[in-house]
Amino acid sequence: MLQLYWHKFVVPYWLLTSVAVVCFIIASAAGLAAPLIIKFLIDGALESGDFQYLDIIVVGIVVLYFLRALFTFFYGYNMAKAGCRMIARLRAAMFVRLHSLDYSYFVNTPTGNVVSYFTNDLNLIQQAVAVGVPDLLVESLNLLAIIAIMVYFDWQLALVTFVTLPFIVYAISHFNRKLAEFGSLLEHTMAKMTSLLHQAILSTMMVQSYGREDYEYRRFRAKIHEAAVDLFHVQRLNALVIPLVEFLAAIGLTFIIWFGGREVIGGDLTIGALFAFLVYTINIPGPVRKITQAFSSMKLGLVAWERIHDLDRQPHTIVDGHLDLDKAVGRVEFRNVFFRYTTGGDVLKDVSLAADPGDVIAVVGPSGAGKSSFANLLLRFYDPDTGAIYLDGIDIRSLQIGALRHQIGFIQQNPILFDASILENIRYGRPTASYSQVERAAKLANAHDFIMELPRGYDSPVGELGANLSGGQRQRIALARAIILEPVILLLDEPTAALDSHAEQQVLAAIRNVSTGRTTFIITHNLSTLLASDKVVYLDAGRIAETGVCSDLLARGGAFARAVDRGELGYKQ
Ligand SMILES: Nc1ncnc2c1ncn2[C@@H]1O[C@H](COP(=O)(O)OP(=O)(O)OP(=O)(O)O)[C@@H](O)[C@H]1O
Ligand SMILES: [Mg+2]
């Protein structure tokens, strides 16, 4: 924790933190001096009956407490500033890190967890670093100073005080520990609830259409209940701690007054000194409480830091290559590729195929045959277990991932649009594209006409995840987004699945247009798309069962033709 504190907080923001330390020293010096003045007040002004002296001393006390308040504020101000900057920087670094993670991480990690790294956990770290650690350091100093002054005043009375105090301190720290335990339990429950809520929000439409509101409510209610119980534990303990500590403190104080009172009567101590001493004593629990809080906050911060580091610890199974590639020719070859996900059996088995620029290759097969996985491998979201994939004869694992993906115009099975205008969405991969380039790509993708019918044309917002558009419209925007990159390879996962036959013909025409000179893979369920392709690769349970020109395959009556006949592939005839 101290290391984290030093490297991420003190060093980068040394100016802010050192100003804060100076402010703190001034504030605490003022605070420590005030009781001394009270002593002069009682022993000097009150005893001698000097009104002017009294006024001066009272003004002095007010000034000291004012200084203390002012510089405590400056201290907090500077610390908060440094803390917020640190968190912003960490958050930014984490966001960058997020995009560098393997695709498989997101498949296997609940979104709620990742979201809570950015919110809860970072807040805990900020608390620990900008409040916890500094409090621990400065309040310890403060406490030492108070103790020194007390010993200086009257070591016997100080001794009595220090025998009484540890009991109180122990009680406080015991409860604080319990509080921290319940706190982290609560944290955990909240994270689970957030994750569930996140899913619930995303799936409202599905839930409503299936009429499972009750079921979802019951499921969520269990979590609500859990959270309420945990919250209650924390707050119940809170409710107990304060009166208990106050009671113990009162007992301790009374004991000190009794002992000190005897000394005053015996003539060993002035009334003013006893009074000042009591004020110092009252000032002890503050720093002690802050120190124990600092400890628990540091512990929580450390746990959060560990969790966040989960992002850094993710194994990079996809290792970036070193070869750059400006413009590939576009010859793609799969050689004896076997692949499986971390769970389950082989998804692709001994897949070998080659494609040249100008080829339009249809990858077909029943659902679950491994077609999308084929695309995932070509894009290097995963690497094959054995065998290799080559682009222009180079193993794609030795290419820079950025350079490889730049060659490929990819449309996902369920294309994602961003919550921005249509224009921004189309030129996502090429932000410098001009309006006319965007328009040309949209025309090729047969999207221009419907875009012009929207109230704001290319500036129309598409809504969150493209919610304002129909499925087919989203698909065509995604096609335009791929086309505008002028990629060497086009990789289209079910590009016509959501279109009616008229729009489908137009998109097919668009694909034929843009496929000249490019290597095109179309994953499809659609017979007219198949007929438009040069070559069909028929995948069955991860294995290439048959390849050839579609009409030949149908005529030959092999595995592919039989599957089409049985309607197993779900092709539109
Ligand atoms: N992330 C994953 N982890 C584990 N198994 C997976 C994962 N993604 C897909 N699979 C499995 O791999 C197999 C192939 O999936 P894939 O998505 O490639 O099928 P597909 O041919 O694209 O099917 P569809 O036509 O339905 O899109 C399926 O059995 C699927 O359950
Ligand atoms: Mg698929």
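## Exercises on a predicted model

D392 sits in the loop that joins strand 4 (386–391) to strand 5 (394–395). Strands here are DSSP E runs of at least two residues, helices are H or I runs of at least four, and both are numbered from the N terminus. Residues are numbered from 1 along each chain as its sequence is written, while chains are lettered from A and ligands numbered from 1 in the order in which they are written. The model is predicted: local features need pLDDT of at least 70, side-chain atom pairs count only at pLDDT 80 or more, and totals for chains, interfaces and linings use all residues.

### Exercise 1: backbone signs

Find the sign of phi at D392 and at N336, then classify the exposure of each residue.

Solution.
- Step 1. Start from the background: most residues other than glycine have a negative phi.
- Step 2. Read D392: its phi is positive, near 50 degrees.
- Step 3. Read N336: its phi is also positive, about 45 degrees, and N336 is not a glycine. N336 belongs to strand 1 (residues 332–340).
- Step 4. Fix the exposure scale. With C-beta atoms placed from the backbone, a residue is buried if 20 or more other C-beta atoms lie within 10 Å of its own, exposed if 12 or fewer, and partly exposed in between.
- Step 5. Apply it. D392 has 15 C-beta neighbours inside 10 Å, so it is partly exposed. N336 has 12 other C-beta atoms within 10 Å, so it is exposed.

### Exercise 2: two helices

Compare the end-to-end span of helix 2 and of helix 6 with expectation, then locate the bend in each.

Solution.
- Step 1. The expected span is 1.5 Å times one less than the number of residues.
- Step 2. Helix 2 (residues 14–48) has 35 residues; its first and last C-alpha are 50 Å apart, close to the expected 51 Å.
- Step 3. Helix 6 (residues 155–202) has 48 residues; 70 Å is expected, and its end C-alpha atoms lie 67 Å apart, which agrees.
- Step 4. Define the bend: the angle between axes fitted to the seven residues ending at a residue and the seven starting there. Helix 2 kinks by about 30 degrees, centred on L41. Helix 6 bends by about 25 degrees at L165, with the proline P166 following within four residues.
- Step 5. Check the packing, where contact puts C-beta atoms, placed from the backbone, within 7 Å. Buried residues of helix 2 include A20, F24, G31 and L41. They pack against helix 1 (2–10), helix 3 (51–100), helix 5 (111–153) and helix 9 (271–283). Those of helix 6 include L157, T161, I168 and A191. Their cover includes helix 5, helix 8 (213–266), helix 9 and helix 10 (285–308).
- Step 6. Look past the end: helix 2 is followed by G49, with a positive phi near 70 degrees.

### Exercise 3: domains and ligand

Describe the contact between domain 2 and domain 3, then the shell around ligand 1.

Solution.
- Step 1. Bounds come from an automatic or database domain assignment. It gives domain 1 (85–309), domain 2 (321–407 + 487–573) and domain 3 (417–486).
- Step 2. The C-alpha centres of domain 2 and domain 3 are 25 Å apart. Their contact takes 11 residues from domain 2 and 12 residues from domain 3.
- Step 3. On the domain 2 side, helix 18 (residues 501–515) supplies the largest share, 6 residues.
- Step 4. Turn to ligand 1: 14 residues surround it, and the closest are Y341, S367, K371, S372 and S373. Near means a C-beta atom, placed from the backbone, within 6 Å. Helix 12 (residues 371–378) gives the most, 3 residues.

Key: Two residues are in contact if their C-beta atoms, placed from the backbone, lie within 7 Å.
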